[in-house]
Amino acid sequence: MEPLSLHFLHEQAGARFLAVGGREAVADYGDSEAEYRAAREAVALHDAPYREMLRITGEDRISFLHGMVTQDVKGLAPGAATYTALVTAKGAMVADARILKREGDLLLVV
């Protein structure tokens, strides 16, 4: 199992771990009420190592991705990010993703 990059921080906070797709993930911290309260009143961290990142390059990268997702990639400003869905030609959802548009490429987290 591939460990989390921030394993030591989660461990210090009392995390229990499980495997998701051969990678380590946090199951919980033992007190769901305290976790919920922290998320509502302070901050919550969701470490998602089971997601993959793709870097899309090339002159046609924007139009290429624009035709596969539900968001307007062409209108996305450099440095901006958006949540989207990848869909088939008939509009059936394949996966959810986040897109980060940078000057020379697009990052797609699926």
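# Reasoning from values to terms

Reader: Why is isoleucine 62 called partly exposed?

Author: In this predicted model, the relative accessible area of isoleucine 62 is 22%, and since the class of buried residues requires a value under 20% while that of exposed residues requires one over 50%, the residue falls in between and is therefore called partly exposed. Isoleucine 62 belongs to helix α3, and its C-alpha atom is separated by 6.1 Å from that of lysine 74, which stands 12 residues away along the chain.

Reader: What makes arginine 23 buried?

Author: The relative accessible area of arginine 23 is 19%, and because the limit is under 20%, the residue has to be counted as buried. Arginine 23 is part of strand β2, where valine 20 is placed opposite to it.

Reader: How do you know that the side chains of arginine 23 and glutamate 52 are joined by a polar contact?

Author: The contact between these two side chains is 2.7 Å, and a polar contact calls for N or O atoms within 3.5 Å, one able to donate a hydrogen and the other to accept it, so the value is on the right side of the limit.

Reader: What makes β1 and β2 a pair of strands?

Author: Strand β1 (residues 16-20) and strand β2 (residues 23-28) are joined by five bridges in the antiparallel sense, and because at least two bridges are required, the two strands count as paired. Their hairpin has two residues between the strands, and glycine 21 takes a positive phi near 60° there.

Reader: Why are β3 and β4 said to stand at the edges of their sheet?

Author: The sheet is an open one of four strands in the order β3-β6-β5-β4, with antiparallel pairing. Each of β3 (53-56) and β4 (81-87) has a single partner strand, so one side of each is left without a neighbour in the sheet, and this is what places them at the edges. Between neighbouring strands of this sheet the average turn is 30°, direction ignored.

Reader: How do you know that β3 pairs with β6, and that β4 pairs with β5?

Author: Four bridges link β3 to strand β6 (residues 106-109) in the antiparallel sense, with isoleucine 56 having leucine 106 as its bridge partner. For β4 and β5, which also run antiparallel, the number of bridges is seven, and tyrosine 83 is set opposite arginine 98. A pair needs at least two bridges, so both cases satisfy the criterion. In the hairpin of β4 and β5, which has five residues between the strands, glycine 91 takes a positive phi near 90°.

Reader: Why do alanine 97 and valine 69 both count as buried?

Author: Alanine 97, in strand β5 (residues 93-101), has a relative accessible area of 0%, whereas valine 69, in the loop between α3 (61-66) and β4, has a value of 9%. Both values are under 20%, so both residues are buried. The C-alpha atoms of alanine 97 and alanine 85 are separated by 5.8 Å, and those of valine 69 and tyrosine 83 by 9.8 Å.

Reader: Which residues line the largest pocket, and what makes the lining divide as it does into nonpolar, polar and charged?

Author: The lining consists of His10, Ala13, Tyr29, Ala34, Glu35, Tyr36, Ala38, Ala39, Val43, Ala44 and Leu45, around a space of about 270 Å³. Ala, Val, Leu and Tyr count as nonpolar, Glu counts as charged, and His is left among the others, so Glu35 is the charged residue and His10 the polar one, in agreement with the division into nine nonpolar, one polar and one charged. Helix α2 (residues 32-41) gives the most to this lining, with five residues.

Reader: Why is alanine 13, with 49% relative accessibility, called partly exposed?

Author: An exposed residue must have a value over 50%, which 49% does not reach, and a buried one must be under 20%, so alanine 13 is partly exposed. Alanine 13 lies in the loop between α1 (7-12) and β1, and its C-alpha atom is separated by 43 Å from that of glycine 67, 54 residues away along the chain.

Notes. Residues numbered from 1 in each chain as written. Predicted model: local features only at pLDDT ≥ 70, side-chain atom pairs only at ≥ 80, totals over all residues. Heavy atoms only, no water. 1 Å grid on protein atoms, 1.4 Å probe; cavity = no way out; pocket = protein on both sides within 12 Å on 5 of 7 lines; lining within 4 Å. Points joined across faces, edges and corners; volume = space filled by probe spheres on them. Axes fitted to C-alpha atoms, helices over the stretch in contact; angles between N-to-C directions. Buried < 20%, exposed > 50% of the residue type's maximum accessible area, 1.4 Å probe, protein only.
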